[in-house]
Each structure stands twice: as C-alpha cells, then as structure tokens.
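Hi,

Here is the structure I promised to pass on. Have a look at it first, and then read on for what turned up when I went through it.

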Amino acid sequence: MRAFLICLLFSALPAWAQAAIVELKMRPGIIASAEYLAGQRNKPAVLLLHGFLQTREFPTVATLARGLHDAGYSVLSPTLSLGIPRRKQSLACEAVHRHSLDDDIAEISLWAGWLKSRGHHSIVLVGHSFGSLQLLAYLEAHPDKTLSAFIGASLIESQVDTPSRPALVTELESQAANKQRTLVTHALSFCKKYTSTPGDLLTYVRWDQSRTLAALKASPVSVLLIMGDQDEMLGRDWIKALKHVQTPMVIVAGANHFMDGEHEFDLVEHTLNHLERIQKAAPR
Amino acid sequence: MKWLASISIKQIAFAFVIGLLLLVVLIGGFAVYQTRSVTRDLEHHRLDTARSELEVAVKRLLGRAEKQAISLAGWDETRQQLVLPEYYNYWRDQRVYESGMLTKLYERVALYTASGILLDSRPATHGMPASLPKLELPHQAYSWLVNEAGAIMFYHAFPIYGDDQRQSLLGYGLIQLDFMLALLHQETLRIADKTSLGLALKPGEALPASKLFSRLTFSAQPDPDQLMFQKILSRTLFALFVLLVTTAMLGLVAYNRLLVRPLRHLSQDIDAMQQGRFNANPSRSQPMRIIELENIRRSLYDYQLQLRELHGSLENQNREFHSQARQDALTGCHNRRAYEEDWERFRHDMQTTPQGGAFLLFDCDRFKTINDTYGHAKGDRVLTVIADALVMALRANDRLYRLGGDEFATFLSSTTPAQAKQIAQRCQSLIDASGFGELGIREPVSISIGIAFCPPDQLEHIDDLPKQADIAMYTAKQPGRNRIAVYGEDTERASQTLVASRETSALFQALATPGMIEMHYQPIHGLPGRQVDYYEALARIRYNGELIMPGAFLPVVSSRRLETEFDLAVLHQVDADLSSGQIPPGCGISINLSAQSVSHPEAVSRLLELSRHNARHPLMLEITETSLITQMVEVRTYLDLLRTIHYRIAMDDFGTGYSPLRYLVDLPVDVVKLDISLVNKLGQDDRASQVVADFARMMSDAGYALVAEGVETEAVLHKVESLGIAHVQGYLLGRPVPLSTLSAHHAGQVAEALARAV
C-alpha cells in the first residue's frame, strides 16, 4: 500500500520531481536564482521572465512555466536580482532600486548562456509584461542564433507618468552625466514612486513605445505578442500601434494584463501553439 | 453571697449597652482585621498579577523585537544594503519605516558587517554602537539591555544570511528601542503601575535580556474597586458604629424613660406603701407609655386607694379600739390602762423637760353606802356625774382616769402646788354643785382628793407620787379634814413613809419572796353530814417569824392596788402546796381571786397551769363580790374559759359588794357564798332574817349552790341546815389550819364525820 502511494505521488508530480533551482552569480555579491524545469531535449527551451519588480513566483509566469513544462518544454524561470542577492520577494516600488535595464539584460544573457551550457540550442524568450520588454531589450542587445523566437505576453513599454518623456530623459541624462548618486524618485510603470539613481532610471525610461516598436520590428527572431483586450495597464492605443507595425499578435478576448483566471489557459495555449509553429518551421 | 445581691434595672441597662458596644467594637475590630488581611492578600495577588502582566508584556515586547529581527533578516532590501550599502542611511532612516518593518520612532535598526562593524560611518549620530559586542553564540540572535544616561535601551542583534541554508552570513542587524518607552507604549498595563516601572541597572551596565525580569522593579496599581470597597466598608463600619452607639444611647434614654424611671417610681410607691406612707395624690401620677407598666401602675394605684381606705378604716378602728381600750365604759373617761400608759409618758416627759408635776387622786366618799342604798345603777350614774364634773374642772389638756371602783386620778404637768390645790378645789366645787338630787340621791355626794406634788428638782421621787397621793387621799378622808389633802403638808411625814409600815413591808417582801405567803386551809363542810368537801385557801404572811393576818395586809393590798400581784403570789403558793402532796387527795381547794385578776393574762395563765391539779383536787375560784367589775364581758369570757377546764366559780361575800344580782346575771357563777353579815342575820328572829332566808331559798331554787360563811353558833348552823344550804363554813366547825397540819386535821374531820354518821 505504501509503495503504491509513493508511486502515485511520483506519478502525479512528474514535473516537480524534475524541478531544480539554479543559482548564478550575476555580479559581485549578487547571486540570482532561477527555476529550471527540464523538458524534452528535442524541444526548444523557454527562457521565461516575469514582470516588473516581480519574481518567477508571480502567478502568470509560474502557471505559464508549468504549462509549458507540462507540454514537454524545458523552462528556465529566473528571478532577476535587481541588485539584491538571492531575491525572493517582489521589490517594492519605493525600494532603493540598484538595478538598470543593462543589469537586467546582463542577467538575462547569463541565463541564456546557462541554457546553452545545458545543451539547449534553441531558446525561446517568453516574457510577461515588463519582462517581455526586458527580453526584447536583450534580444536587441544580444542577438543570438540560439534564440529562436520571442513571445511577449502583455508587452508594455516603460511607462512614465510625465507629460514629457524627453524632458525626463534629458534630466536624467544630465544627472547621470554629472555622476549624481543622489536618488531620484519618479513614476515608472505601475510604480508611482520609483526610487533609483538617475542613471539606472534612465535605462528604463529610454524604452518608450517608439523604441519598443522599433525593437519589435527589428527583432531577429519571430515575434508573437499575446495581448488581452482588457489590459488596462497598456498605454493608449498601444495595441493599435502594435497592429500598425504589423506585429504578430494574438488578442485574448477578455484577458487583462495578467491573463489570470481562465485566460491563463489561453496564454499557455497560444504560447504552445506558437512554439509548435516555431518547431514546425525550424529547419531540420 | 454578695455578688448575688439585687442589682438595679439601670445597671442592667448600662451593662447591656456597654456589652453591646463592646461587642460592636469587637466585631468591628475583627471586621477591620479581616478586611485588612483580605486587602493584603488582594494586594499580594494584585502584585502577582502585575508581575504576570509585566512578564507577558516583556515577553511580548521581546517577541515582537524577535519577529522584527526575523522580518528584517529575511527582507530582500536588508540583504541589498549589506551587499550594496551605498544608500544604507536612506534605507535605515526611511525605508525600514515606510515599508512597515519598524513602526515606532523609538525603534531603530542598524546593520553591521559580518565582522560586526556598523555600516554607518557616523554611528554617533544615531546612538547605535559602532560595533557589536562579542557574542558567545555569534550566529544566533542575542538581546541585552543597557542603561544609557538613564534610559534603558534594549538591543536585539541578529544575523543576516544570504541563503536559506544560513551558510552565507552577510552581516548582522541590530534593533534598538527604548525599553521603558516601548513597554509602556506597546502595552496597556492595567494592573502594574506604569509610573513605578524601573529597571535596576547601573549606568553603562549591560544586562542580558534573559535576566531582565530579575531586575525589573514595579508595583501594582491600587485596585479602584478594592479602594472603593475599602472606603465603602470603612464608611459603613463607621456609620454602623455611630448608628449603633446612637441607637444604644437613644435606647438607653428610651429604656430609662419608659422602663427604668416608671419602675423606680413604682418601686418607690410600693416602698412607701410598705412603710405606711401613701402617695398624697396618686391620681396625679403620670400615665406610663408601656402598656404592661401602665397596667401595673393602675393596679397599684387602685390597690393604693384600697389600701389607703383600709388603712384609714383600720386607723379609725384602731383609734376607736385604742380609744375604747383606754376608755372607761361607764364614765367615758380614761381607764386604768390609759392611766398606766399615760403615766409612763408623763414620767418620761417630766424627766426630759423638768417641770413641776402633781398627782391628784379622787375617791368618792361613802360610795359603797350609796351603792348599797340606791343600787348599782344609781351608783353608776353617780360615778358618771362625778367623772363629768371632774373633767370639767380639769384643764383642757388634763386627763381624768378611772382607776377602779370609785377612784379617779389625774396628773398635772407644768403646775405648782397652789395650782394643783386650786384645781382640786374646783373639782370639789363642781362635785358639790352637781345635781345628784335629780338622781334621787338624798345624801350629799362628795369626793376626797389627795394631792402629791413633785418639784422639778426632785424628779427622782416622781414614782412616789401615786402612793403619796393615795396617802394624802386617805388623810383627806379623815374626819375634820376638808377632803383635800396635800401630801407633805397635811400628812405626817414621819409615820407615812412608804417603807416604814410593817404590814406594807411585809406585803411587799412577801410579793417578792416566794414562801413568805403561807396558805391556811379552812374546811367547808357539806350538810347535813358535816363532812369536809373542800378547803378554802386563806393567805397569811409569815414575816419575821410572826404571822400577819389578812385584815392587816389586805387594806394595803387594796390601797396599793396590788390585788393582781397578790393573787399571783397566792396562786403560786397554792400551786406549790398542791404539788407538795400534803393536801389529802380528793379534797377540793377554793382560791380567792379579785375580779381584776380574772382578766389579767398572767393570772389566767397561772390558773390554766394550776388546773392540772383538778383531777386530784377539784378547784374553785372565789370572786370577791366587793371588787367592782368594770370589764364585765372580758371577765365573763375568762370565767367561761376557766369553767371549761373544770374550775367552779363562786361569788364570795355575797351581799356586801356592788351589784350582787347583776354579777349573778352576767357571770357564770356556780356557788354563792353568803357573807357572814347575811348569815348572821339568819340567827335573828326578824324581818331581815326572813328576807335572807327567802333569798337563800330562792338562790337554792335557782340552782345555785350556797355556802354559808361565818357560822359561829349552833343556832345559825341549825338555821342554815333548815334552809337546805348545802355547805357551811365557820369557826364553829373548823378554823383555818396550816398545810403542815392539814392532813392530820382532815383525818380528824373524817373520823368525826364517820362518828356522827354512826
């Protein structure tokens, strides 16, 4: 009886049994971790990135990871350090943000490298919300043939709450140029008060819609955006703009920014569908 | 036992009140003691509760600090600072508060490197130690307290790891808080007194948190409910005590008014009644408020009224009896009893208030003749007129006493001989002026008055006044006198001294000396046999070897009013003679007795005692007719008594006295002894003899036993025999003989009788 239950346990939790926490030293004193769900080797690995200031434990990302893994894909879900060793919690907006987009891109690069080191030669970048933007920024900064596709769920630009982004950029550039270390606080994305250094903040502020659209257009890999038509966090006419640049996009009716509820399955499904198309389209 | 003596109701009330107050004090004291004991226990309990409350508060505070430490240690931003400490101050001063890690301004946190060095380069600005103290267990949290300039600061140091396995030590965190401030701010201490909280810590001294409680000083807040209770209890006890004292006092007052005072009044009234003092106006007694007491008061009042009426009635009766007992029934003046009482008082008054006093003795002249001539009824009227005249002649405060028969007396105080003589003359004048003729008395009625005077400087002789007056009175009766004589003026002193008379001396001595009176027994013969039926006891006085006959001393007896004393002496001697056994058995004895002695208690007692001889010697009492019986009822009563014990009563010297027929009617007489004067008439051949003989026959027919006295001739004897008189007495048949020869004489008489019978 006991052996039967153990077998049942193991059979019920096939994915969990193969989950592993990977830690990498991103920079001195900063160790980041990722959850690696090993899947079928013949399928591309997924580098799944969470949203702004979140962790891999965020429900949208965690569900997607399980769903992809259940479909046989290897999934690596890192938690960006954001300058905090072994970060485990979502970082508060008011925290002192000692991270920049460049740092994020560097960490993503390390994680992609890790996947490669694991023998994954096809890596699909899947991101949620700001994570999609960070992956897009990484894709722009480090195009790599092992990167096979980009799926961005609820892609969003770096939102600022200022009438003139250019003025903010200019200000931040000026402060950064002056090596000002005094913390500044501005609205960024959903954070009304985002405290950071001018330089670090600037890296995020530069990624407005235009730049995002340009990056999508210039993506070296296939792009698929999965957007919810009820996503209230998106900027005005953002989906319209995306359509305008003919970005491949799936609009999930009724889904919000987090694709929660029943729409989480839609997210998984659409992601899997695209992954299959990618596989089919991949040269043998 | 003295302690069982009665106690007053007031003392009972006081004792009750005192006892009640003592009891209240004891109970109150016990209540106070118990209350204090309970209060102490409650205070101890409250202190324990305060201790427990503080323990919980301190534990909670320490626990909170521990939880904060755990939160801080696990917080990403904490690790961030330990790795990138560029903005540590911002994190320490702002982030930890705005993130909610620390909530109070008195809570501070500082980060230290893995080697225990403060991250902040300016530790002095924040009061945190620049480095952590060396810990015994460096990788474990540790708490301590320090007295920093009077403020007790609590520190909690905790390690911060970079990994979940606690392998990578990044550094330490240190939470600092003002312990007292935190404790008081955090906790609502209900029992422990916040103002009393303190920690016995010397300045600069560090105390491990584990020993915190041992140094904590505190006290418990007073329990307001307990204080209120104590206050209420104290007030209640005090009020109760005051109330009880007041009630006791009021009760005492009410008790005194409603119970004690009325009872005391009742008691006083009862005491007064017992002593014969009655409430002058009982109707004015205040009604009592207590129903039972009021009933008692009413009953007592009614009883008092009845008692007063009875007392008054008794007093009236007493006065009447006293008056009657002191009043002469015939004349209405005072009797001999009153005389004796008043004379004693007079003598005492004279002794206490020396003054001249006089004794007047009044005697009606030839009263016996008047009585014999006109009868006893007129004789009584004469005495009454004399008494009325004397009373009128005397002064208002003077009293007239009837001593007996026709003899009266009075004693005058505050007087002189001349005044006494004047009064005597006035008496005589009024007597002379009295209308005795209206009574049919043809002969002049006069009185002889003897006066004896005692000057104030010779009061030692006051007892001699009656005898002196008696002598003077006899002197006044002598022919040639004007019937008023003053002792000492009109009497011969030398021959009239009280103790010079031979007969008088002999009499007085015989009265005082048993055996001096010698009884001679004269036989009384029964007719016709002339046997001796009994003997009459006749008294003689043996004085200085000589025998004094009755003719010599009886006048002294009469004049000295010594009839009863003499009769008592005679009875004593007769008793002795009867007890001696020398009187032949079966012989009766006849004893002479004056009428006064019949009603004298001692004489009656002596007669009762003498009656024991009745079985061997029938006894008879001969009442001399010559004595005037004034208390007829009393004499009759005693004679009836004596007859019940077998005494026979004889009327002696019948025919010579005051009211012979009256005596026979009123008194229980068995034998009538015809006087010698009547018997001698029988020897004469005349009308008088016929009268006597007819009278004798009549008496004999009436059932009286007759005795003829003084038979001295054969002719009289024959006459007596012919009249059928049963007994005879006289020298013809036998003379009185002394006791010593009585037995022989009786034997001779018996022989003669036998010879005659043959």
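How much area does chain B expose, and what share of it do carbon and sulfur atoms supply? About 38,400 Å² is exposed on chain B, with 56% supplied by carbon and sulfur atoms. Before you go further, keep in mind that this is a predicted model.

**The two chains**

Let me start with chain B. It has 758 residues, and 45% of them are buried. Its secondary structure comes to 22 helices and 22 strands. If you take the contacts in chain B between residues at least 6 apart in sequence, 67% of them join residues at least 24 apart.

Now chain A. Here you have 284 residues, with buried ones making up 55%. Ten helices and ten strands make up the secondary structure of chain A. For contacts in chain A between residues at least 6 apart in sequence, the share joining residues at least 24 apart is 74%. Chain A exposes about 12,600 Å², and carbon and sulfur atoms supply 54% of that.

**An antiparallel sheet in chain B**

Chain B has an open sheet of five strands, in the order E1-E4-E3-E2-E6, and the pairing is antiparallel. E1 and strand E6 (206-208) of chain B each have a single partner strand, so one side of each is left without a neighbour in the sheet. From one strand to the next, the twist averages 25°.

Inside this sheet, E3(B) and E4(B) run antiparallel and are joined by nine bridges. To find one on screen, go to B:Ala157, whose bridge partner in E4(B) is B:Leu174. H1(B) lies across E1, E3 and E4 of chain B and runs at about 35° to E3(B).

B:Leu169 is a good residue to click on here. It lies in strand E4 (residues 169-178) of chain B. B:Pro159 is ten residues away along the chain, and the C-alpha atoms of B:Leu169 and B:Pro159 are separated by 7.1 Å. Leaving aside neighbours within four places in sequence, B:Leu169 is in contact with B:Ala114, B:His139, B:Pro159, B:Ile160 and B:Tyr161.

**An enclosed helix**

Next, helix H2 (residues 76-83) of chain B. Eight of its eight residues are buried, so the helix is largely enclosed by the rest of the structure. Among them are B:Asp76, B:Glu77, B:Arg79 and B:Leu82. What do the buried residues of H2(B) pack against? In chain B they pack against H1, helix H3 (88-98), strand E1 (107-113), E3 and E4, and strand E2 (30-37) of chain A is on the list as well.

**A pocket with residues from both chains**

The second largest pocket holds about 550 Å³ of space. Its lining counts 28 residues, and those nearest its centre are A:Lys88, B:Gly74, B:Tyr161, B:Asp163 and B:Asp164. Strand E1 (19-27) of chain A, helix H1 (9-74) of chain B and strand E3 (151-161) of chain B each supply at least two residues of the lining. Which element gives the most to it? That is H1(B), with five residues.

**A mixed sheet further along chain B**

There is another open sheet of five strands in chain B, ordered E9-E10-E8-E11-E12, this one with mixed pairing. Strand E9 (401-404) and strand E12 (484-486) of chain B stand at the edges with a single partner strand each, so one side of each has no neighbour in the sheet. Neighbouring strands of this sheet are turned by 25° against each other on average, direction ignored.

Strand E11 (residues 447-454) of chain B pairs with E12(B) in the parallel sense, over three bridges. B:Ile449 stands opposite B:Ile484 in E12(B). Helix H10 (residues 417-433) of chain B packs on the sheet and touches strand E8 (357-364), strand E10 (407-413), E11 and E12 of chain B. The direction of H10 makes about 165° with that of E11(B).

**One residue in chain A**

Last stop: A:Ser77, in strand E4 (residues 75-79) of chain A. Is A:Ser77 buried or exposed? Its relative accessibility is 1%, and buried means under 20%, so A:Ser77 counts as buried. Leaving aside neighbours within four places in sequence, A:Ser77 is in contact with A:Ala34, A:Glu35, A:Leu48, A:Arg56 and A:Ala65.

Cheers

Notes: Residues numbered from 1 in each chain as written. Chains lettered and ligands numbered in written order. Predicted model: local features only at pLDDT ≥ 70, side-chain atom pairs only at ≥ 80, totals over all residues. Heavy atoms only, no water. Pairing = 2+ DSSP bridges. Helix = DSSP H or I, 4+ residues; strand = E, 2+ residues; numbered from the N terminus. Axes fitted to C-alpha atoms, helices over the stretch in contact; angles between N-to-C directions. Contact = heavy atoms within 4.5 Å. Buried < 20%, exposed > 50% of the residue type's maximum accessible area, 1.4 Å probe, protein only. Areas by Shrake-Rupley, 256 points an atom, 1.4 Å probe, with all protein chains shown as cover. 1 Å grid on protein atoms, 1.4 Å probe; cavity = no way out; pocket = protein on both sides within 12 Å on 5 of 7 lines; lining within 4 Å. Points joined across faces, edges and corners; volume = space filled by probe spheres on them.
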